[in-house]
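Welcome! Here are some short exercises to work through with the structure in view.

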Amino acid sequence: MAVLHVLYSTSTGHTEYVVDTLIAALGAAAPRLTIEKQCAEAAQATDLLRGDALLLASGTWNTGGTEGQLHPRMSALLKDRAQDCDLQKKPCAVIALGDERYYYTARAMEHLMQFVTQHGGQVAESLVIVNEPYGQEEKVNKWAAKLLAKVPALVS
Ligand SMILES: Cc1cc2nc3c(=O)[nH]c(=O)nc-3n(C[C@H](O)[C@H](O)[C@H](O)COP(=O)(O)O)c2cc1C
């Protein structure tokens, strides 16, 4: 049975809402898929290697005093604790959130993509959610279908 490991961080609940919407859509479309959900602050580098595929989800924050960064707790995981992680060609999906009122809108995406590619993972699909996620469920649901089509390991 295939396993998707989901790592996310959130302050307002927006990212968790997107992740939960996605998990519901994946669960409906692929009932045999096991989905593990873990918050970044509880994760260590080895957790990135769990499952047949990895999903990273983060909002964009002013971590370290500069806008356009990862959420602080995702940043601490990816840039500190998992800085030497080798993803061993694992299929990865990435979700970034942001707000159009900021100049570097949803730039967490760049950091997530960079992390995956620089650590030997393969980016299968990416999703950007700008502004509040409430009312954007259909976008997430459609993306769930794309993700399943792109990562055959998840439906095997
Ligand atoms: C202090 C602060 C800094 C932020 N910086 C950015 C930013 O640089 N770029 C952006 O697109 N959104 C920025 N945002 C908006 C958040 O990314 C957005 O509200 C997101 O949905 C928050 O989700 P989360 O709480 O799950 O992380 C910022 C929000 C706050 C409160």
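In what follows, Ala, Val, Leu, Ile, Met, Phe, Trp, Tyr, Cys and Pro count as nonpolar, Asp, Glu, Lys and Arg as charged, and the others, Gly among them, as polar. The model is predicted, so local features need pLDDT of at least 70 and side-chain atom pairs pLDDT 80 or more, while totals for chains, interfaces and linings use all residues. Residues are numbered from 1 along each chain as its sequence is written, and side-chain values use heavy atoms, with hydrogens and water left out.

**Exercise 1.** Describe the shell around the ligand.

*Solution.* Start with the residues that have a heavy atom within 4 Å of the ligand. There are 20 around the ligand, and T10, T12, H14, T15 and T60 come nearest. Next, sort them by class: 5 are nonpolar, 13 polar and 2 charged. Finally, look at the helices (DSSP H or I, at least four residues) and strands (E, at least two), numbered from the N terminus. β3 gives the largest share of the shell, 3 residues.

**Exercise 2.** Find N or O atoms of the protein that lie within 3.5 Å of a ligand oxygen, the cut-off for a polar contact.

*Solution.* First take the backbone: an N or O atom of T12 is 2.6 Å from a ligand oxygen, and one of D99 is 2.9 Å from a ligand oxygen. Then turn to side chains, where an N or O atom of H14 lies 2.7 Å from an oxygen of the ligand.

Technical notes: A polar contact is a pair of N or O atoms within 3.5 Å; within protein, one must be able to donate a hydrogen and the other to accept it, and residues adjacent in sequence count only if both atoms are side-chain atoms.
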